[in-house]
Protein chains: 2
Amino acid sequence: MTTDLQARSINALRFLSADAVQKANSGHPGLPMGTAAIAYTIWTRHLRHSPRNPKWMGRDRFILSGGHGSALLYSLLHLSGYDLTLDDLENFRQWGSRTPGHPEYGHTAGVEVTTGPLGQGFANGVGMAIASAHLAAVFNKQGHDLLDSYIYAIVTDGDLMEGVASEAASLAGHLSLGKLIYLYDDNRISIDGSTDLAFTEDRAKRFEAYGWHVQHVEDGNNVELIDSAIKLAKADSRPSLILCRTIIGYGAPHRQGTSKAHGEPLGDDELNAAKDNLGWPREPRFYIPDDVLTFYRKAVERGRELEADWKMRREAYARLFPELGAEFNRRILMNKLPADWESALPTFPPDAKGMATRAASGKVINALAAKLPELIGGSADLAPSNNTMIDGSPSFQKETPAGRNFHFGVREHAMGAILNGMSVFGGVIPYGGTFLVFSDYMRPSIRLAALSGYPAIFIFTHDSVGLGEDGPTHQPVEHLAALRAIPNLTVIRPADANETAQAWKVAVAHRNAPTLLALTRQALPTLETPAAVERGAYVLKDFGTPEIILMASGSEVSLILEAAQKLADEGIGVRAVSFPSWELFEAQDEAYRESVLPKNIQKRLAVEAGVTLGWERYAQSVLGIDRFGASAPGKVIFEHFGFTAENVAAKAKEL
Amino acid sequence: MTTDLQARSINALRFLSADAVQKANSGHPGLPMGTAAIAYTIWTRHLRHSPRNPKWMGRDRFILSGGHGSALLYSLLHLSGYDLTLDDLENFRQWGSRTPGHPEYGHTAGVEVTTGPLGQGFANGVGMAIASAHLAAVFNKQGHDLLDSYIYAIVTDGDLMEGVASEAASLAGHLSLGKLIYLYDDNRISIDGSTDLAFTEDRAKRFEAYGWHVQHVEDGNNVELIDSAIKLAKADSRPSLILCRTIIGYGAPHRQGTSKAHGEPLGDDELNAAKDNLGWPREPRFYIPDDVLTFYRKAVERGRELEADWKMRREAYARLFPELGAEFNRRILMNKLPADWESALPTFPPDAKGMATRAASGKVINALAAKLPELIGGSADLAPSNNTMIDGSPSFQKETPAGRNFHFGVREHAMGAILNGMSVFGGVIPYGGTFLVFSDYMRPSIRLAALSGYPAIFIFTHDSVGLGEDGPTHQPVEHLAALRAIPNLTVIRPADANETAQAWKVAVAHRNAPTLLALTRQALPTLETPAAVERGAYVLKDFGTPEIILMASGSEVSLILEAAQKLADEGIGVRAVSFPSWELFEAQDEAYRESVLPKNIQKRLAVEAGVTLGWERYAQSVLGIDRFGASAPGKVIFEHFGFTAENVAAKAKEL
């Protein structure tokens, strides 16, 4: 074994990872072995972090965007003194372990974001850099740079090929997010084989075109070259991409540099040969030389020092700027909402004409924004349609990073992943809007928010065929069902302005998972019954003694009220239920659910301007739209699809 | 009014479009007015087409990727003599019209692809260029270039910002698709305002980095400059991007060059002022000068001549190459499958060990490939996992365009849109694969395939938590439900190798809509009962006189068979139903459906390793997974989630 501590420290990453993959008989040795020197350089020479306090807000962030290399991250976390044991490493990819196949936020201390689906980590980092730049602009004072996190990532060929990363990279360049430092594992290998098969573009030139600072490291195993490049990256005001020429599966004599090294265990023979090759003992597996562990574990003490220094600087700051200091305390350290934030929520008087729920949402955003400086957001180039602008605040731009209005461009997917990154950074409550039909464009990011518990707020307007003339390409029909299918995602479709305000209340309060609002383009009456969105579903009105229940969400709620009145006029007892959110309703206790939907009333009709899928669990019959929409004025479409009080009443009578 | 026929011909496009938008009181005048000269140049100087035979296979293709400018396309189609009347234009965006808000393939003659969701048209064109290049390589002979279609598109800022277009552009550059000629409406305006807000990258440089030929036209109203650029583009072997500096809403004195011109009617006053400004009579609306119509309508006669010439060349070709000529006739002209293609489908003997359905799919692909030269496809860099390779065929690459194996790279979204473009081009039956969880990445393209009736085949392997250790980021749970929610999409999840072969039979035969196959990573027993996938669901076996029905799809089918046997051993009568496809089952007549799921047996349990959403329509109880998965070996996960014969039997007994 080499006596060079650095070489052995890097090899420890390689072989802890390869051993974990081998023991699990599953996983990806190629990335850890190929990028160990890059990870070593970032983690031991640059990354400011505190392993015993992984959530320390002064830390830099590290993202392994190629999450399939998770064993590398787990090795780094264990070696650096995070709450991850050697046992955890030995239980890589096993039931109940803290070392799942791909890194999961919230599951393993020190994992900043969930990665695996390619491109997401890349774009999450852009969100973090945005949050960081915004908070720095809000809080930092000359000589008091409390917030100056760098965002490091190891990114892969797959990340660079994914559209979401292209979108995010373009925006990062536009915004000149100088704290972003991405090291690209340029190994020229993907699963199908050489990148020559499909990926021969000039990557450096592309990123230059985005406005990035681009450097080349010719040998991705050379710590000094990597270190110098990172130093230059830090000194540059643009986001940085450092192309590091690496060898996938470095060290494995028969597999390195081939796609065979990517996604399967090396096998005992090749693993042994790799260890021989790099001067590492074959046994024991999971071997960590004492001096290597001691070296990495210095991160613990260094972290404590960084924290102590930060605390001192924070205290000085709080003395000089008491008001900002208190706000810093609330937003950044305690991550708490102001005590009386809910008082800012507007209420709307009953009004037959009413307003579109997107318009109501715009009003709520502005009312809340005054009370909640952490509420920031924007739209994927549909701000005037999504009503997402905070009046009186500038745009978040390179020159105005304190601005609270975000222009994501026509980049829905990047918006989703950026919102995730912002939300998990802390100190901000981000929202982003587009049309509901384009939730499809950002669905992988919505899924990751739900899986990881990112508290992002997704605003989707134009939520049905009611949007009218733009036609079926723009009319969501299957989207509510498809979004409700995602576990841990709260979907709310408010029926009027007051339900919209309450939906926002739920969304803002909901700090451990994402919330999604589906809002209308068209005006809806403001109803008389006090709303109860937090309950998911509630009785709007009983017309006589109910024999039938009509239930609906969003724009169809006023329709069932009208229909119920018609039925009541004919002497039929009807209950009208507003049903803005399945997930919130399911979270209620049995007694409440029974009180709204009593088992003894099985004659139930659900009405929603979308596919019927899933409503069967609540209703015997569903009036929905099990086809694509059509281009015509919204009212005309509703009529053609049977969304009239007459037809609802007729359908109810069929029960 | 100017006497210049060309200027008036261009203005006719502008004002037909603006009048249509004005009359509908809805739509987008900005793009048509800004790009009229570009469209004019393409359509009157370059595009080879035949308005009276819009499907003529020798034609070039034109895509309006910014589909919101639909009025421009409809104006072009009407003026050029397609089956689209002035009445249609006057009924722009109205119920039942042939002029919906965004162009829809199959709905309006001459619309090559459905556009509107940005980036899709851009990527569809790449698919068309791929199909064109492949077919040219297969059929063309020295001196007999029957297939040499150019693919023209007008693309917008929004298209260039979307990730799907970035992915497709990178692949187009890699493949050097020289027939692609994209004219970029570089108007510097998006909905939020100036593109300076979010889109300041060096677009020309980015496309150069992709390997494109890039040109600038400084005045997007200058026909000669545009014409010269197109000529140079044709002469270049790379895909071409021509950046045309345009003015959105050109001519409208108060709105041109602003985001106000983008997406709302000009209003009568501004429309009149624009007409005054460009020397156009205010009235009548929808005015077309006779000589302008005569000029555009020459396209009809020119089309006939092009067709006649092509026919002559085709006949000469058929004489010289009779075998290829017959194949050309079948694949290209008649678009028919070989008479006995189904005989190529393999059958698999019952086998308790069996094989993964992805492996079976690989065998079926190869068996079919021998009989169906039009079957071509690949994977988004997961070929070894998706089993999508056609053995013995080279890759489709710049140097080997006759190759049938496609490497899409880690670009799922572009793959989806490219498959759509290929499928609609004709002459090929394209398929593409990735993991089921990544169907989310390409969902907007899957939706458009369903909406438009593109006969693409989507292959999604690793279709449940059964994939094992890769964990929840890679384990689909909500995806089957979310995909079944899409109207007009046939989702098939076969239970074994024979069902897989039949699923492929359905997919290949299904030429007017997309088909999706969900396949396992893990091995499944090959069952004894003859499969009946075309029926959607069928009785596998009755154990005694059924009191209970167990139903399942895919990997859970062998599980319910086991459970049914257990129940039968206890003297309980059970029916086991294999349920590979809801959509195919719904297409059966009432009698058949009743024969499989008789109304008098309401004790029904559905078993599927995914969210329960929607199964309620068939079963009283559902054993599913209403949470995200976990990282562990697949069998361990199945056990933990209750997917064991014992638990299925126990759940059934609860009924």
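**Close-up views of the predicted model**

**View 1. Helix 9 of chain B, exposed and buried residues.** In this predicted model, B:Lys231, B:Leu232 and B:Ala235 are exposed on the other side of helix 9 of chain B from its buried residues. Those buried residues are B:Val223, B:Ile226, B:Asp227, B:Ala229, B:Ile230 and B:Ala233. Viewed down the helix axis, they fall within an arc of 165°, so they line one face of helix 9 of chain B.

**View 2. Length and surroundings of helix 9 of chain B.** The helix runs over residues 223–235, 13 residues in total, and spans 18 Å from its first C-alpha to its last. This is close to the 18 Å expected at 1.5 Å a residue. The cover over its buried residues includes two helices of chain B, helix 1 (5–24) and helix 2 (30–46). Strand 2 (151–155), strand 3 (180–186), strand 6 (213–217) and strand 7 (240–245) of chain B are also included in that cover.

**View 3. Strands 6 and 7 of chain A.** Strand 6 of chain A (residues 213–217) is mostly covered, with 4 of its 5 residues buried. It pairs in the parallel sense with strand 7 of chain A (residues 240–245) over 5 bridges. Within this pairing, A:Gln215 stands opposite A:Ile242 of strand 7. Together with helix 9 of chain A (residues 223–235), the two strands make a right-handed β-α-β unit.

**View 4. Domains of chain A.** Chain A is divided into domain 1 (5–300), domain 2 (303–332), domain 3 (341–526) and domain 4 (534–653). The C-alpha centres of domain 2 and domain 4 of chain A lie 53 Å apart.

Definitions and conventions
Residues numbered from 1 in each chain as written. Chains lettered and ligands numbered in written order. Predicted model: local features only at pLDDT ≥ 70, side-chain atom pairs only at ≥ 80, totals over all residues. Heavy atoms only, no water. Buried < 20%, exposed > 50% of the residue type's maximum accessible area, 1.4 Å probe, protein only. Pairing = 2+ DSSP bridges. Right-handed = clockwise from strand over helix to strand, strands pointing away. Domains from an automatic or database assignment. Expected span 1.5 Å × (residues − 1). Arc of directions from axis to C-beta. Contact = heavy atoms within 4.5 Å.
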